[in-house]
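Got the viewer open? Let's take a walk through this one, stop by stop, with something to select each time.

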Amino acid sequence: MSSDLLLVSASIIALGAVSKLLADKYGIPNVVFLLGFGILFGPEGVGLIDPALFDDSLSALVGLAVAIIIFEGAFTLSASEMRETPKSTLRLVTVGAGLTFLALGGLVHFFLSIQWNLSFLIAALLVATGPTVVTPILDQIEVREGVKNLLEAEGVINDVTASVLGTVIFSVAVLRIDPFGGDVRIDVVLDFVERIGTGVLIGILTALVAGYVLRYLSRSPQNSRITVIGTALISFAIADAFAAEAGVVTVAVAGLILGSIDIPFDDEIAGFSGDITSIVLSVVYIILASLLDLHHLLTLGLGGLAIVILTMLVVRPLSVFLSTTGTQFTRNERMFVAAVGPRGIIPASTATLFSLQLANAGVPNATSVVHVVFLVILVTVIVEAGGAPLAAKALDIIPMTVLIIGGSRTGQLLADRLEERGENPVIIERDDGAITELRRAGYSVVGGNGTNAAVLEEAGAERAKMVVAATSDDDQNILACQTARTNFGIQRLIAQVNKPENAEAFEDLGVQAVTPVTATVDTMDDLILRPNFSDWLSAVGDENDIAEVVVESTSAAGRQIRDVELHDDAVIALIRQDGEFVIPKPTLVLQQGDLVTLIGKRKAVERSVSMLE
């Protein structure tokens, strides 16, 4: 028996490693492969993995795994990152989660004729999208920082909400009490608040103790890593002893606090926690997938399929669009967030445990809980997680990463402009005080010297399209540009040249030089000689816009400009064809690869760009 368990455990870890390699190779989130391996090697497949070997320890194993996963997700999601999208995050985890809960409860009851208690138990569990699925998706797709933060924050918070709310409704369902009658609604609310409060209180206390230990007693990265993992596990166990599922709240709160305060070796802790989470994630997903009974899933029939389809195509988009109306996200970014709502480990693990206990208590339709939840998980993971890279590409939300060396006022304003256009600016700053202020203001910041290749790599130089050196030190600016080109092959290099006499040296090295003095004189000259154009330029980024696009569209290439139907209020101002600048006459034929400059009203320019690319 012990040798079988050893073989199965080793096989699961090996399969987890293989899934990660496949995910990196094919750009598909590894959760898809983990579920596939669990089904393939489980009882429904070749039978190598038998969940019965874990016996009663499965519940404890899943619980501790959840503790590590939730803690790591909260630790890496700092409070400063959550402040970047406060309105959207708050709406999505309140209005969006509430709408999802009510809608799914009604859908399950209507399509499967399951009693209201269990319908809302299933709905509560399916509120959670979860960082265990969302994070692997975002690891494979480059999206704007705000989109990433919104999805990760939703996952962490909704995991907590779903876990606690599901447990509260579960206790009601076991007792066969109608949640719509008598004083049960008050009891449910009080129970929910009590569990949340217990978890928050214990989370704060353990985070304060761990923070003190890390600051004043830990002297090495190894000690810090052990302390953090120990904090996650013990705080989860203590809180769960006081109130079921309060442990999930505790590790989320403790992780968020520790990830937001200044502690030594935080980068090493994050890296180690991520590695541990990858192993734990592999174990849990493969084991839970091996529990799937495909025959029972098929018995849900068209009703189960309707629930899944309506969840993905109606409920999720509606909750996202209501939550993100009037925010900084573009229409395509909102569509992407709506398309990425796969359910994760919290619904899977808790549904498995609840279903067994409900069956033992003699509750009718008890097995439906795990079957409906697993059906939604399976389809949403395969379709949404697997299709997320295609959705990001189709919606054209993959941003251009621009590294900005120096967090001065110039660097901040440039980052603001890039962020408004949907790009992904990352500021590199070496002053600790400035880093704190920049993060507090919501900027994406990496601490360190921009001339250091390791710092550039941490900031994302391998995927960056451009580096802008904007410090007050010309030597640092030119060295940072040289490092970016030599080590990462970045060709678009722009630098602030503080001393005009150094501009020629920058140009000789292929770095586009911007001299503040010259730029100021040019602006003043434009105001004198071209006042109308200067006034128009002052509104660029707000009402007006200028954009460059490479012609790729087959409907535009090979046609004369007069035959290309651009959006009203946008015109072609300049074309670069075969390396030469060309005035855009109506009879000029556009060719694939032409670099076209568009000017006009902002929305008109954006729509015209999409017609040409």
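Start by selecting F37: this residue is buried, with a relative accessible area of 13%, because anything under 20% counts as buried. Bear in mind as you look around that this is a predicted model.

Now add F41 to the selection. Both F37 and F41 lie in helix α2, which covers residues 30-41, and they are 4 residues apart, about one turn of the helix. How are the two rings placed against each other, by centre distance and plane angle? Their centres are 6.1 Å apart and their planes stand at 55°, so this pair is tilted. The structure holds 5 aromatic pairs, so there is another one to visit next, made by W116 and F120.

Select W116 and F120. Here the rings are stacked, at 5.5 Å centre to centre with 20° between the planes. The setting is helix α6 (residues 116-125), where W116 and F120 also sit 4 residues apart, about one turn of the helix. Is W116 buried or exposed, or something in between? At 35% relative accessibility, W116 counts as partly exposed, while F120 is buried, with a relative accessible area of 11%. Before you leave, add F101 to the view: F101, W116 and F120 form one aromatic cluster.

Next stop: S323. You'll find S323 in helix α14, which takes in residues 301-324. S323 is buried, and its relative accessible area is 0%. Which residues does S323 touch, leaving out those up to four places away in sequence? Show S88, R91, L92 and G96 to see those contacts. There is also something to look at within the helix: a polar atom of the S323 side chain lies 2.6 Å from the backbone oxygen of S319. For a sense of distance, put a line from S323 to G558: the two are 235 residues apart in sequence, and 43 Å apart in space when taken C-alpha to C-alpha.

Time for some strands. Switch to a cartoon view and find the open sheet of 6 strands, ordered β3-β2-β1-β4-β5-β6 with parallel pairing. Which strands sit at the edges? Those are β3 (445-447) and β6 (512-514), each pairing on one side only. On average, neighbouring strands of this sheet are turned by 20° against each other, ignoring direction.

Zoom in on β1 (residues 401-405) and β4 (residues 466-469), which run parallel and are joined by 4 bridges. Select I404 in particular, and you'll see V468 of β4 standing opposite. Then bring in helix α19, residues 432-440: this helix lies across β2 (424-429) and β3, and runs at about 160° to β3.

Last stop: move along to β10, residues 595-601. Strand β7 (residues 544-550) pairs with β10 in the antiparallel sense over 7 bridges. Which residue in β10 is the bridge partner of N544? Select K601 and you have it.

Strand β8 (residues 570-577) pairs with β10 too, in the antiparallel sense and over 6 bridges. To finish, pick V571 and look for I599 in β10, which stands opposite. If you're wondering what holds such pairings, strands of a sheet pair through backbone hydrogen bonds, either parallel or antiparallel.

Conventions. Residues are numbered from 1 along each chain as its sequence is written. This is a predicted model: local features need pLDDT of at least 70, side-chain atom pairs count only at pLDDT 80 or more; totals for chains, interfaces and linings use all residues. Side-chain values use heavy atoms; hydrogens and water are left out. Two strands pair if DSSP finds at least two bridges between them. Helices (H or I, at least four residues) and strands (E, at least two) are DSSP runs, numbered from the N terminus. Axes are lines fitted to C-alpha atoms, for helices over the stretch in contact, and angles run from 0 to 180 degrees between N-to-C directions. Contact means heavy atoms within 4.5 Å. Buried means under 20% relative accessible area, exposed over 50%, partly exposed in between (1.4 Å probe, protein chains only). A polar contact is a pair of N or O atoms within 3.5 Å; within protein, one must be able to donate a hydrogen and the other to accept it, and residues adjacent in sequence count only if both atoms are side-chain atoms. Rings of Phe, Tyr and Trp (its six-membered ring) pair if their centres lie within 6.5 Å; planes under 30 degrees apart count as stacked, over 60 as edge-to-face and the rest as tilted.
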